[in-house]
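Me: I would like to learn how to read a model of this kind, feature by feature. Could you take me through the sheet, the peptide bonds and the ligand site?

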Amino acid sequence: MTLRRACVMGHPVAHSRSPMIHGYWLKTLGIPGAYELKDLTAEAFPAFITNLAGNGYVGGNVTVPHKEAAFRLVAGRDEAAEAIGAVNTLWLENGRLMGGNSDTHGFIANLDERARGWDVPGCRALVLGAGGAGRSAVYALKRRGAEVHVVNRTVSRAQDLAARFGVRAHGFDAVPRLLRDTDVLVNCTSLGLAGKPPLQIDLGPLKPSAVVYDVVYVPLETGLLAAARKRGHRTVDGLGMLLQQAGFGFRKWFGGNPKVTPELRAMVEADIVAKTPK
Ligand code: NAP
C-alpha cells in the first residue's frame with residue numbers, strides 16, 4: 001500500500017501542533033500515512049501547492065502567512081472557504097486542487113461538544129474580533145441561526161463582516177450594552193494570548209446563563225475564561241476548536257473516523273503547558 005502523506009505549510013511552521021494531532025490519529029487508527037512540517041516562503045508556496053501530488057502529498061493544512069494565497073490558487077473551494085475568503089485545508093479531488101476552511105467546523109463542533117444547548121431559541125451571539133478567527137465564528141454562528149453582533153477595534157473591519165454575513169457591527173464602546181442580551185460571548189481577538197495584552201471587559205452585565213468561549217488556547221485558561229468561570233458561566237476553551245478542526249482534513253487525506261479523545265486532548269494540553277511561559 002502506498003503511504004499517503006500530508007503536511008502543514010507555513011512560514012515559520014516549526015511551532016505547529018498539527019503533526020502531533022495527526023500523528024496521534026494515524027497511530028491509533030492504524031493508518032499507514034505521514035504528516036509532516038513544510039516551511040515554505042511566500043515565493044515557494046505557489047509552485048509547491050500547484051504541484052502537490054508531484055511533491056508527494058495528497059493534501060495538507062495551510063497556516064500563516066499563506067491562507068489568502070491558497071484561496072487564490074486552488075481550482076475549487078468549499079462553501080466555508082468561499083464565504084470566509086481564506087483556505088486552510090488542501091486536498092486533491094480527481095486531480096484538482098481543492099481548498100476548504102476547517103476553522104468553522106472546529107469552532108462549532110467544539111461549542112456543541114462543550115456547551116450543549118447553547119443555541120437557545122432566539123440565541124444572540126457577541127463575537128469580539130473581525131480577523132480570520134472572527135470571520136469563521138461569525139459565519140458558523142450565523143449558519144446555526146444565531147443573531148450575531150460583531151465588535152472590533154477597527155470598526156470598518158466589523159462593518160465589512162456585517163455587510164458580508166448580514167450581522168451587526170459595533171465598536172468596543174457598545175460591549176456593556178450588548179452583554180445584557182448575549183447568550184454566547186466569543187473572544188476572537190488575539191487579546192489574552194500569551195505575550196499579548198489581556199482582554200479587559202467587565203462581565204458584570206452578562207446574562208448569568210451565557211456561555212463564554214475563548215478561541216485563544218495559549219494559555220488554556222485565559223483571563224476571560226477564568227473571570228467567567230468565577231461568575232458561574234459555562235466556559236469553552238480554544239483547544240477543542242484546534243483539535244476538532246483537524247479532523248476535517250484528516251478525513252479527506254486518510255479517511256477513518258478521527259475522534260477528539262481525552263487522551264489526545266491531554267497530550268496537546270501537556271505540550272501547551274510545557275511551552276507556555278509562566
Ligand atoms: P487576526 O486575523 O490577526 O485578527 C486579530 C484580531 O484581534 C482582530 O480583530 C484585531 O483587531 C484584534 N486585536 C488585535 N490586537 C488588539 C488590541 N490591542 N485591541 C483590540 N483588538 C485587537 O488573527 P486571527 O487569525 O483572527 O486569530 C485571533 C486569535 O484566535 C489568535 O490568538 C489565534 O491564536 C486564535 N485562533 C485560535 C484558533 C483555534 O483553533 N482555537 C484558530 C484560529 C485562531 P483589528 O482588526 O482592530 O486589528
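**Reading the sheet, the loops and the ligand site**

Reply: Let us begin with a single bridge: Gly76 has Met98 in β6 as its bridge partner. This is a predicted model, in which local features need pLDDT of at least 70 and side-chain atom pairs count only at pLDDT 80 or more, while totals for chains, interfaces and linings use all residues. Residues are numbered from 1 along each chain as its sequence is written, and side-chain values use heavy atoms, with hydrogens and water left out.

Me: What is the sense of the pairing between β4 and β6, and over how many bridges does it run?

Reply: As a general idea, two strands pair if DSSP finds at least two bridges between them; strands are DSSP runs of E with at least two residues, helices are runs of H or I with at least four, and both are numbered from the N terminus. Here β4 and β6 pair in the parallel sense over 2 bridges.

Me: What is the order of the strands in the open sheet?

Reply: The open sheet has 6 strands in the order β2-β1-β3-β5-β6-β4, and its pairing is mixed. Its edge strands, each pairing on one side only, are β2 (33-39) and β4 (76-77). In a regular strand the side chains alternate between the two faces of the sheet.

Me: Which residues are bridge partners where β3 meets β5?

Reply: Thr89 in β5 is the partner of Asn61, and Leu90 in β5 is that of Gly60; the two strands, β3 and β5 (residues 89-93), pair in the antiparallel sense over 3 bridges. Gly60 in β3 also stands opposite Cys7, and there β1 (residues 4-10) and β3 (residues 59-62) pair in the parallel sense over 4 bridges.

Me: Where does Asn94 lie, and what is its phi?

Reply: Asn94 lies in the loop between β5 and β6, and its phi is near 50°, a positive value in a residue other than glycine. The hairpin has 2 residues between the strands, and β5 and β6 (residues 96-100) pair in the antiparallel sense over 5 bridges, with Glu93 and Arg96 as one of the partner pairs.

Me: Which peptide bonds are cis, and what is omega for each?

Reply: The bond from His11 to Pro12 is cis, with omega near 0°, and Pro12 is placed in the loop between β1 and α1 (18-29). A cis bond also joins Val218 and Pro219, with omega about 5°, and Pro219 lies in the loop between β11 (211-214) and α9 (223-230).

Me: Which atoms of the protein lie opposite polar atoms of the ligand, and at what distances?

Reply: A polar contact is a pair of N or O atoms within 3.5 Å. A polar backbone atom of Ala130 is 3.0 Å from an oxygen atom of the ligand, a polar side-chain atom of Arg153 lies 2.9 Å from an oxygen atom of the ligand, and a backbone N or O atom of Val215 lies 2.9 Å from a nitrogen atom of the ligand. The elements that give two or more residues to the shell around the ligand are α6 (132-143) and α10 (239-254).

Methods. A polar contact is a pair of N or O atoms within 3.5 Å; within protein, one must be able to donate a hydrogen and the other to accept it, and residues adjacent in sequence count only if both atoms are side-chain atoms.
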